[in-house]
Structures are given as structure tokens and as C-alpha cells.
Amino acid sequence: IVSNPARAGIGHIRIMDRDVVELNNLQRQNLFDENDVGLAKVEAAADKIAHINSEVTIEPLVKDLHNGNIEELIAGFDLVMDGTDNIPTRMIVNDACVKHRIPWIYAGVIRTEGMVMTVLPDGPCLRCLIPETPGAGAMISCEIAGVLNTIVSVIASVQCTEAYKALLGKMESTRKLVIYDVWEHRFNAVTVEKDKRCLCCGKHEYTFLDNLNRDLVIGLCQNSVQIIPPRDTTLDLDILAQQLKDGVNILIANDYLLRFQAEGKQITVYKDGRALIKGTGDNGVAKAIYSRYLGL
């Protein structure tokens, strides 16, 4: 979604993503190519955008978005565009944007279908549409269901158009959730009514933003666990690589991450102390591996 705003001349774009480019991303993330595999997504994107429009200021941030940092990260910006992949994170974005009166554009894709909704400060907001987050296993993930790459381009285009309208003050008074199936050519626009009982835009109770019990150990798809350090930190990845014991196979080492294999697991460590342990869905096993190799 970031290349279209750059082509349109949006002056300052902050991109935030915690991941690196994987080979399997290339099927649907058309900003990247094989030369970008292993690089931080935001750095690879910033480099590509610099060659599209050199007059745009691109600010890449390799970070994990959470309720502890989002308010600082969106401060001073005119619009937020959703590129996340889970409802809890979107609820945090929803809380922060409504609280600080910043428009944001929700978008998601699965299989051959995608949806877009513009959220303005006075609502209706995402929580009017989804009052409570679905329980574990209630929603199928992209990794399991797959995504047809053409729906990504379609929904990104719709999302960017909504962004331009919001920035220009051309939004309609009626909010709609736009749903499109690219395979069936089925289009639907559902009117979303503001819920006066909505905790977010109705009562201004920002429960996702104010939640102090942020998960530090999170089970993810593809038999993996993400661990977030309990305190802010900055790792020297070069020193960490030198300290790794014999029997550890280093796969990738650059300015953004260190990826290695150990104990039958693939471990990716980021500069902010986050780690992604692939090869286990057991939080306890992942925490033990994290402690052995990082000691944080």
C-alpha cells in the first residue's frame, strides 16, 4: 500500500513493520523481489519508494506495534493505513486513532476476498463493526487459507483511494464496509451504523489501548512463537553472533536481525530484543530457548 501514496506525492510516510522479507511473501507483496529476501521489510520498501519518488520523505521503523508505543508513533500524522494481519492489533490502532482524532483505513484480505473501511474520529469505528475480538481459532489465517495475489492489489488500491478522500476531506457522511471477491466479481458495500454503546467511539473507553497486560509471549501461525522482552532494549547483533555457541548455524546476519538454527529450531532475533522461534508452538519451550541464547 505504500507505493501508491508515494506516487501520489504524499510528503511524509512512516512505515512500520517488525518482519523481514521471506521468499513466500513474493507471491502477493509485489513491492519486493528475490534480492530483498532477508532484509527488513520497511528498509526494502523505503529503498524501492526512494526510486519511485525521491521528493517523498520515507521513515522506516523496524518495530513491533503495541499499545505502549502506538500513541507516540502516530503523533503528528494526518492518516493511518492498516497493514496488519490480526484483529487485536487493529483494535489498538482503532483506539489510538479515535482517541487522537486521526482518520484510519482498515483493510484485510483472505483467499479471494478483501474488505476496506474508513474510520473517522467521530465513528462509526471498527469496534462498532466488531464489538469483541474473536476467540482463538475463531478466524482462519492467511497462512492456512491462502491469499490470491490479485485481491491484494485490488484492496490496496481501494484503501489508497479512501486515504486520498480522507486527506482531501471528501469522505461521504455514511460509513461503509466495502467487500469485494475478485474471483466471483462479487461486490458489496455494507452501511456501518455508529453504535451509541460502543466503548471506543461512543463512550471513549480505550480498553485495548489502556490494557497494561500486554502479551509478551505470543503463539503465531506456522508452529512458531514470538517473544517480546519485558523492557525496552537494543541488542548489538554482531556481539550476539560472536557469543553463540558451537553447533549454532547462522543463516542471516545483518543490521536488522540475526537468524540462526539451534536445537532443531529456527530463531530470529531483532535489534529490539524480540525473537521469533519457529519449530515449536509451546510457549514454555520458546521461553527457555530465548533465555538460553539471549538471557534477557
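**Exercise 1. Helix 4 and its surroundings**

Helix 4 is mostly covered, with eleven of its 13 residues buried; in this predicted model, work out which residues of helix 4 are buried and which elements those buried residues pack against.

*Solution.* Begin with the extent of the helix: helix 4 runs over residues 87–99 and reaches 18 Å from its first C-alpha to its last, close to the 18 Å expected at 1.5 Å a residue. Next, go along the helix and pick out the residues with under 20% relative accessible area. The buried residues are Ile87, Thr89, Arg90, Met91, Ile92, Val93, Asn94, Asp95, Ala96, Cys97 and Val98. An α-helix has 3.6 residues a turn, so residues three or four places apart point the same way. As the third step, look for the partners of these buried residues, which are helix 3 (70–74), strand 3 (80–81), strand 4 (104–110), strand 5 (113–119), helix 5 (126–129) and helix 8 (207–210). Finally, follow the chain past the end of the helix, where Arg101 comes with a positive phi, near 55°.

**Exercise 2. The protein as a whole**

Find how many helices and strands the protein has, and explain why it is described as being as compact as a globular protein of its length.

*Solution.* A survey of the secondary structure gives ten helices and 13 strands. The radius of gyration is 20 Å, and because this is close to the 19 Å that the globule rule gives for 296 residues, the protein is as compact as a globular protein of that length. Along the principal axes, the C-alpha atoms fill a box of roughly 65 × 40 × 40 Å. Turning to the interior, 42% of the 296 residues count as buried. For the contacts, take those with a separation of 6 or more, of which 60% are made by residues 24 or more positions apart.

**Exercise 3. Two isoleucines in strands**

Decide whether Ile15 is buried or exposed, do likewise for Ile179, and list which residues Ile15 and Ile179 touch.

*Solution.* Take Ile15 to begin with, which is found in strand 1 (residues 12–17). Its relative accessibility is 10%, and because the cut-off for buried is under 20%, Ile15 counts as buried. Leaving aside residues up to four places away in sequence, Ile15 touches Val2, Val42, Ala45, Ile49, Ile58, Glu59, Pro60 and Leu61. To place Ile15 in the wider fold, compare it with Pro131, which is 116 residues away in sequence and 28 Å away in space, C-alpha to C-alpha.

Then turn to Ile179, which belongs to strand 6 (residues 176–181). At 17% relative accessibility, Ile179 also counts as buried. With residues up to four places away again set aside, the contacts of Ile179 are Glu113, Gly114, Met115, Arg186, Phe187, Asn188 and Val190. Ser153 lies 26 residues from Ile179 in sequence, and their C-alpha atoms are 14 Å apart.

**Exercise 4. Backbone features in loops**

Locate the loop that holds Arg111, the loop that holds His204 and the loop that holds Pro124, and state what is notable in the backbone at Arg111, at His204 and at the bond from Gly123 to Pro124.

*Solution.* Arg111 sits in the loop between strand 4 and strand 5, and, although it is not a glycine, its phi is positive, about 55°. With a relative accessible area of 47%, Arg111 is partly exposed. His204 lies in the loop between strand 7 (186–191) and helix 8, and its phi, near 55°, is likewise a positive value in a residue other than glycine. At 43% relative accessibility, His204 counts as partly exposed. The last step concerns the loop between strand 5 and helix 5, where Pro124 lies; the peptide bond from Gly123 to Pro124 is cis, with omega near 0°.

**Exercise 5. The second largest pocket**

Describe how much space lies in the second largest pocket and which residues are closest to its centre.

*Solution.* The second largest pocket holds about 480 Å³ of space. Its lining is made of 20 residues, and those closest to the centre are Lys63, Asn69, Asp232, Thr233 and Asp272. Sorting the lining by class gives six nonpolar, four polar and ten charged residues.

Conventions
Residues are numbered from 1 along each chain as its sequence is written. This is a predicted model: local features need pLDDT of at least 70, side-chain atom pairs count only at pLDDT 80 or more; totals for chains, interfaces and linings use all residues. Side-chain values use heavy atoms; hydrogens and water are left out. Helices (H or I, at least four residues) and strands (E, at least two) are DSSP runs, numbered from the N terminus. Buried means under 20% relative accessible area, exposed over 50%, partly exposed in between (1.4 Å probe, protein chains only). Contact means heavy atoms within 4.5 Å. On a 1 Å grid over the protein atoms alone, a cavity is a set of points where a 1.4 Å probe fits but cannot get out, and a pocket is an open set with protein on both sides within 12 Å along at least five of seven lines; lining residues have an atom within 4 Å of a point. Grid points are joined across faces, edges and corners, and a volume is the space filled by probe spheres set on the points. Ala, Val, Leu, Ile, Met, Phe, Trp, Tyr, Cys and Pro count as nonpolar, Asp, Glu, Lys and Arg as charged, and the others, Gly among them, as polar. The expected span of a helix is 1.5 Å times one less than its number of residues. The radius of gyration is taken over C-alpha atoms; the globule rule is 2.2 Å times the number of residues to the power 0.38.
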